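Here are a few exercises to help you find your way around a new structure. Grab the viewer and work through them one at a time.

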Amino acid sequence: MTSDFIVVANRLPVDRVQSGDQVEWKPSPGGLVTALKPVLQSREGAWVGWPGCIDEVNVSEMPSVKEAGVRMLPVNLDAGDHELFYEGFSNATLWPLYHDLIVSPNFNKAFWERYREVNQRFAEAVADEAAEGATVWVQDYQLHLVPGELRSKRPDLCIGFFLHIPFPAPELFRQLPWRREILRGTLGADVVGFHTADGAINFLDTLQALGEDVSYLHAEGEHTFVRGARLPQPGDIVGTVRVEDHDGTTREVKVGVFPISIDAAHVNTTAMSPEVMARTEKLRTQLGNPKLLLAGVDRMDYTKGITHRLETLEDLLDSGELQAQDVVMVQVATPSRERLEDYQRVREEVERIVSRINGNHGSLGRPVVHYTHAGLPFEDITALYSAADILLVTALKDGMNLVAKEYVACHSDGSGALVLSEFTGAATQLTQAYLCNPHDPESTAAAVLHAVNDDPNSRRQRMLNMWEQVRAHDVNRWAESFLRQLQKVDNS
Ligand code: ADQ
């Protein structure tokens, strides 16, 4: 029992790179680890998570604090855990259910049972590590049961839970056969956080529908939250839930809105560095210096609406509203969850549309769409953001979407334009984007044409306003606002 502050997430923020017999660990520089490093370092901190491989890894094999900047504690998953807990319950049940059933969730008892077991394992690892009265911050949908498990093992802990993906409307969530267990597990936390007010309210409404004692702090009348009456601000608590623990004691759980963000200064500095600026120039030249460069950057996931945006481009080319000789689009899609059928299907569909557009509108040596199914180094991603005249974020549903914020951070000079789906958490903050409904092809086409034809001053002002928003609400502010709420809790 040594750590005063523990982050627990499905993945550790390091990648294991094996070349021959040599194993090396590389820190994976995500926003989350950047934001949490100062807290982890200033309080005896640790990060508990899966090291990303199915071989058994010992603590002694993990990179030292000096190398990784953070103390890493591995929770091992075997091939069966990976299939049933990670690919199964996390990504074939909860992921589609929480993203409004874009594909059908697989309700499978074997998935659920393994999810429960693996969550118990994560909770045990944390319970063994946490010092008396420590703060534990549990991340995301893979670990819904960890707060509840921890609460029963270690009532002295102060526990936070943050969901990185949307929380669906009660009518959808209630389909889940294990809905009560998931809710009860989550309510083991003292503070439960969502990106948006809709997520927080959906969670509270679901609890109320299932008979929990819920009160909404910004209520106009008892138990009614008037949506839009007063938009909750980042860091606001939207409601509380009174819960009774196994030992008969009652507690209050606070439910709040904490929109995540990026390390805006770091992304901006990267984009402005001479190396990345040179790469940006080179990229535009390689692409033939088109009049209009469009870009899409995503994980290959059916929630991201990649096929929808490609079809919009195709419509605009077919109708002659955009001319093939003027336009180039770059679509970069990182491989993701490749063993799942729905992911294979979306990849095939994306590739079919790309080749149809190039077949109909490209010419030899001059494709309209440049597509790669690969993860790129962050410097290349920032060069692409900087080069692109318009970034297309057309997610059908997305908790936040950090890509939109990264793009804005690369355009602090007011260049560029962002076409952004209304169904992203980012749209609640980046209200100056050219917003679209990706389910409606005409709406997306209109947003693209608006961005192209807008008065340059108005377009510039939109981007400058969004940069102000992203700069002021960076990932540090997100972490601080959540931890501030958690620090107010006293379980002693
Ligand atoms: P994701 O669904 O993974 O995250 P997003 O927020 O857009 O989506 O983050 C993707 C990250 O991956 C970005 O930092 C981006 O730069 C990087 N990336 C994307 N494509 C890449 C490529 N081809 N090569 C290299 N890097 C690439 C989940 C939720 C989101 C929520 C985040 C954080 O689904 O809604 O915003 O968590 O809470």
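**Exercise 1: the open sheet**

In what order do the nine strands of the open sheet stand, and is the pairing mixed?

Solution. Keep in mind that you're looking at a predicted model. Step one: walk across the sheet, and you'll meet the strands as β5-β4-β1-β6-β7-β8-β11-β10-β9, with mixed pairing. Step two: look at the ends. β5 (71-74) and β9 (213-216) each have a single partner strand, so one side of each has no neighbour in the sheet. Step three: check the twist. On average, neighbouring strands here are turned by 20° against each other, direction ignored.

**Exercise 2: one pair and two helices**

Find out how β1 and β6 pair, then see which helices pack nearby on the sheet.

Solution. Start with the pair: β1 (residues 3-11) and β6 (residues 130-139) run parallel, joined over five bridges. One spot to click on is F5, whose bridge partner in β6 is T135. Now for the helices. α5 (residues 146-153) lies across β6, β7 (158-162) and β11 (250-257), at about 175° to β7. Then there's α8 (residues 197-209), which packs on the sheet and touches β8 (191-194), β9, β10 (237-244) and β11. The direction of α8 makes about 30° with that of β10.

**Exercise 3: a loop residue**

Is D156 buried or exposed?

Solution. First locate D156: it sits in the loop between α5 and β7. Its relative accessibility is 17%, and the cut-off for buried is under 20%, so D156 counts as buried. Next, look at the polar partners. A polar atom of the D156 side chain lies 2.8 Å from the backbone nitrogen of G133, and a polar contact of 2.9 Å links the side chains of D156 and R154. Finally, leaving out residues up to four places away in sequence, D156 touches A131, E132, G133 and N491.

**Exercise 4: checking a helix**

What should the 13 residues of α11 span, at 1.5 Å a residue?

Solution. The expected span takes 1.5 Å times one less than the number of residues, which for α11 (residues 306-318) gives 18 Å. The end C-alpha atoms are 18 Å apart, so the two agree. Among the buried residues of α11 are I306, L310, L313 and L317. The buried residues pack against β12 (292-299), β13, α12, β14, β15 (390-393) and α15 (441-453). After the helix comes G320, with a positive phi near 80°.

**Exercise 5: a crossover**

Which way does the chain turn between β13 and β14?

Solution. β13 (residues 327-334) and β14 (residues 369-372) run parallel, joined by four bridges. The chain gets across through α12 (residues 341-361), and this β-α-β crossover is right-handed.

Notes: Residues numbered from 1 in each chain as written. Predicted model: local features only at pLDDT ≥ 70, side-chain atom pairs only at ≥ 80, totals over all residues. Heavy atoms only, no water. Pairing = 2+ DSSP bridges. Helix = DSSP H or I, 4+ residues; strand = E, 2+ residues; numbered from the N terminus. Right-handed = clockwise from strand over helix to strand, strands pointing away. Buried < 20%, exposed > 50% of the residue type's maximum accessible area, 1.4 Å probe, protein only. Contact = heavy atoms within 4.5 Å. Axes fitted to C-alpha atoms, helices over the stretch in contact; angles between N-to-C directions. Polar contact = N/O pair within 3.5 Å; in protein donor to acceptor, adjacent residues only side chain to side chain.
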